[in-house]
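Biologist: I have this model open on my screen and would like to get to know one part of it properly. Could you pick a spot and take me through it, one step after another?

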Amino acid sequence: MLLGAERPQDWLLLVLPRPLPPKGMQPRQLQLATLPSQGATVANSAIRREVLFAAPSLLAVLSALSMAVVLPSPPAAAAAPTCDLVTAPTGLQYCDAKIGTGSEPVKGSLIRCHYTGRLASNNRVFDSSYERGRPLTFKIGVHEVIQGWDLGILGTEGVPPMKEGGKRILVIPSELAYGSRGAGGVIPPNATLMFEVELLGKPGRR
């Protein structure tokens, strides 16, 4: 969790998992899979000399392997949600993908949300409670999350409160998120963030 922010309103309890190597491949294996242009993997000069004096047929095989090995590319950006955004005086933008039919949250109440967070600059997903299979539980309106979440869920001038069962897109400017510091090495300084937020019902119901 990203804790220890200098100001409470900068907190957003996001679990940011450490990037994993490609499936089935350990980091050391990834390094060894990189083949030089001459078509051989070399760990030391002795192996390099053996390769240079290998039979032509072996060199041909190694050359073919060097062309065949392709390192995995970074995951493609997930598709960003599309809707007609409304801009509030605070700079917060929102739109409702689904309007809920349940209760509106009250300041200080414990709520549960599923969410997906993206960098607005490139649509890259940096965190998702859906992927973990566990919603985020927190008290709304008391600075346990970034200010953009409190305003975007509870409501503020130009932004109606969410209702349980609703899904909302929030585009949060950096001054309502992590500001010039960024967070966790994942969110860069001055980053605008985009969240898909689903306000769940109380435990035991949606």
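Modeller: Glu 196 is partly exposed in this predicted model, with a relative accessible area of 25%. Its salt-bridge partner is Arg 118, and the closest N and O atoms are 2.0 Å apart. Arg 118 belongs to strand E3 and Glu 196 to strand E7, so the pair ties together parts that lie 78 residues apart in sequence. Arg 118 itself is buried, at 5% relative accessible area.

Now step from E7 to E6: the two run antiparallel and are joined by 6 bridges. Within that pairing, Ile 172 stands opposite Leu 193 of E7. Both residues also appear in the largest nonpolar core, among those with the most contacts inside it, along with Phe 138 and Trp 149. That core has 30 residues, and the elements giving it two or more include strands E3 (110-119), E6 (167-172) and E7 (193-200), as well as helix H5 (147-154).

E6 is largely enclosed by the rest of the structure, because 5 of its 6 residues are buried. E6 also pairs with strand E2 (residues 93-98), antiparallel and over 5 bridges; here Val 171 of E6 is the bridge partner of Gln 93.

A second charged pair sits on these strands: Arg 168 forms a salt bridge with Asp 96, with 2.7 Å between the closest N and O atoms. Arg 168 is in E6 and Asp 96 in E2, 72 residues apart. Arg 168 is buried at 2% relative accessible area, whereas Asp 96 is partly exposed at 32%.

Technical notes: Residues are numbered from 1 along each chain as its sequence is written. This is a predicted model: local features need pLDDT of at least 70, side-chain atom pairs count only at pLDDT 80 or more; totals for chains, interfaces and linings use all residues. Side-chain values use heavy atoms; hydrogens and water are left out. A nonpolar core is a set of buried Ala, Val, Leu, Ile, Met, Phe, Trp, Tyr and Cys residues joined through side-chain atoms within 4.5 Å. Buried means under 20% relative accessible area, exposed over 50%, partly exposed in between (1.4 Å probe, protein chains only). Helices (H or I, at least four residues) and strands (E, at least two) are DSSP runs, numbered from the N terminus. Two strands pair if DSSP finds at least two bridges between them. A salt bridge is a side-chain nitrogen of Lys or Arg within 4 Å of a carboxyl oxygen of Asp or Glu.
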